[in-house]
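Biologist: I'm new to this one, so let's go through it together. Can you take me through the terms as they come up?

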Amino acid sequence: MPVRFYNTMTRELEDFTPLQQGTVTMYTCGPTVYNFLHIGNLRSFLFEDLLHRWLTYRGYNVRQIMNLTDIDDKTIKGSQAKKIPLAEYTEPYKKAFFDDLKTLNFTPAEKYPSATEHIPEMVAIIEKLIAGGYAYETDDGVYFKITSFAPYGKLAHLDRDSLRAGASGRVANDEYEKETVSDFALWKKWTPGDGDVKWDSPWGEGRPGWHIECSAMSMKYLGETLDIHTGGVDNMFPHHENEIAQSEAATGKPFVRYWLHAAHLVVEGEKMAKSKGNFYTLRDLLEKGYSPRSIRYLLYTTHYRKPLNFTFDGIKAADASLKRIDDFLFTLRNVKNSGEADSALTALLKTQTEKFEAGIDEDLNIAEGMGALFELIRAVNEKMESVTTALAGEIIAFFEKIETVLGFLSLGGPGELNEEDMELIAARTAAKKNKDFARADEIRKALLAKGIEVRDTPDGPVWKRI
RNA sequence: GGGGAUGUAGCCAAGUGGUAAGGCCGAGGCCUGCAAAGCCUUUAUCAAGGGUUCGAUUCCCUUCAUCCCCUCCA
């Protein structure tokens, strides 16, 4: 079964094959570093993490580039408000971004290039566009002329003529001197409002437009045609549409082969917005005491093209689900049965593995994969007394394998118990044998206070750290 | 005004032209000295109204609700 993805460009599920056999080039629109990551960002980035991990699981060498947008209106505004240089302003947010990725156990991309470090590459593309008649210079900048690029609108399925300037109410119509309202800025000439933020260019001092950075950096690191380009649905238009226009106009080659976009999330059924007080960064959630793995589980296991309803009950449910998996693995590790393996369970492990893989192969349907996983857990729990150490080992190996995809399991062994605690457990076992249950419970309580939970099984007591 | 998406049990969430996975929570039961873990039982006619069909939750139309986009918001 091939891996299939829903390609935004064609609006269809397509079999995935990379341009170069065995290697996937993947560009993901990264954060604008003017704030900490919020759960909406995380949802998108986690979808990309799943994509990366799944392609790796399927044997591809994944070359992922994720950019950092460190030059735009928001970063400039932020740095000016604090009266510090742009780089000084964005630096802490860049660092926080990497910390957050680590906290949520992201697989690292190959590189995280910053826009400000690629100005010459952007200028080179703009020069090419002007030379090709795709762009023009005005008093305040250089613009891409969308009427020069016939396919404009093909990704977002927008009709050029029906674009309504300012329809979103977010941007003033007459802010710039453009021939057509839909033309977009490749280069913005310096104005006093930009302060110290400026670079030299053939058009005088100024700064790049937003979209050009992604074209420049993706081409520099991954080539002129990418296998996969991802982002949030909001990026479809104008950002990705503009990337296509400027990239394909500059190179004459297809820019991207598969476009994948993640849906947004809502919080408790409502749009997340600062004004509604339901706007959460990862840091906010950690401060509230939620664990990174629960957050990862919750955001990760809903299909990426479906709006996700983020709720606090949902995090608690995620936590409980993880505990079920943890306990399952814990029980397996304590299996002592060295007899013959139950062939039905061995067969089930195979079928559920296939079901798990088939689910995710189909446009990253991880919810289906998780369903297969829980079905396996239930079936094995049901017959746990007939599970042999060999089968337990196989199942644990399977979980270790899929952890490369999931990234939220807890696979570490229980660790060691110190002598004192081992003696306490032995003393409790002795007390139980003497029917001194009060003493036994007392010891268990004492161990629990140290974070050690003792469970009685037919094979004697087992313990785990909680 | 235009374009796109979603609406499945208390909550989260898969899926299918032939009466609906999985997880969480709740209730009852089994097991256990107790507990934990686990197992079993139990909860849905798939937003609403039409249409196509032998048969639709699954296809089509309309309505309603929510979300996204229409130049710099993941």
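Modeller: What follows is a chat about domains, salt bridges, cavities and a pocket, and the model we are looking at is predicted.

Biologist: Let's begin with the overall layout. Which domains does chain A have?

Modeller: The assignment for chain A gives domain 1 (4-262), domain 2 (282-406) and domain 3 (419-465). Between domain 1 and domain 2, the C-alpha centres are 36 Å apart.

Biologist: How do you know that domain 1 and domain 2 touch, and how many residues take part?

Modeller: Contact means heavy atoms within 4.5 Å. By that test, 29 residues of domain 1 and 31 residues of domain 2 belong to the contact. The two domains bury about 2800 Å² between them, with 61% of that on carbon and sulfur atoms.

Biologist: And how many salt bridges are there between domain 1 and domain 2?

Modeller: The count there is 5. Over the whole structure, the search finds 33.

Biologist: Pick a pair for me. Why is the meeting of Arg-58 and Glu-357 called a salt bridge?

Modeller: The cut-off is a side-chain nitrogen of Lys or Arg within 4 Å of a carboxyl oxygen of Asp or Glu. Arg-58 and Glu-357 have an N to O distance of 3.8 Å, so the pair passes the 4 Å test.

Biologist: What about Arg-207 and Asp-73, what is their N to O distance?

Modeller: That one is 3.0 Å, and the pair is a salt bridge too. Arg-207 sits in strand S8 (residues 206-208) and Asp-73 in helix H2 (residues 73-81), so the bridge ties together parts that are 134 residues apart in sequence.

Biologist: Now the empty spaces. What makes a space a cavity rather than a pocket?

Modeller: In a cavity a 1.4 Å probe fits but cannot get out, whereas a pocket is open. The structure holds 2 cavities of 30 Å³ or more. The largest has about 60 Å³ of space, and the second largest has a volume of about 50 Å³.

Biologist: Which residues line the largest cavity?

Modeller: Among them are Arg-43, Phe-47, Tyr-300, His-303 and Ile-366. Helix H1 (39-57) and helix H8 (292-300) each give two or more residues to that lining, and H1 gives the most, with 4. By class, the lining has 8 nonpolar, 2 polar and 1 charged. Domain 1 and domain 2 each supply at least three of its residues.

Biologist: How is the lining of the second largest cavity made up?

Modeller: Its residues divide into 5 nonpolar, 2 polar and 2 charged, and they include Phe-45, Glu-48, Gln-64 and Tyr-112. H1 and strand S4 (61-66) each supply at least two. Here too H1 gives the most, with 3 residues.

Biologist: Last stop, the second largest pocket. How do you know where it lies with respect to domain 2 and domain 3?

Modeller: Both domains give residues to its lining, so the pocket lies between them. Its volume is about 340 Å³. Of its 18 lining residues, Asp-326, Ser-410, Lys-464, Arg-465 and Ile-466 lie nearest the centre.

Biologist: What classes of residue does that lining hold, and which element gives the most?

Modeller: The lining of this pocket has 4 nonpolar, 5 polar and 9 charged residues. Helix H9 (312-333) is one of the elements giving two or more residues, and H9 gives the most, with 6.

How values were computed: Residues numbered from 1 in each chain as written. Chains lettered and ligands numbered in written order. Predicted model: local features only at pLDDT ≥ 70, side-chain atom pairs only at ≥ 80, totals over all residues. Heavy atoms only, no water. 1 Å grid on protein atoms, 1.4 Å probe; cavity = no way out; pocket = protein on both sides within 12 Å on 5 of 7 lines; lining within 4 Å. Points joined across faces, edges and corners; volume = space filled by probe spheres on them. Nonpolar A, V, L, I, M, F, W, Y, C, P; charged D, E, K, R; others polar. Domains from an automatic or database assignment. Buried area = accessible area lost by both parts, 1.4 Å probe.
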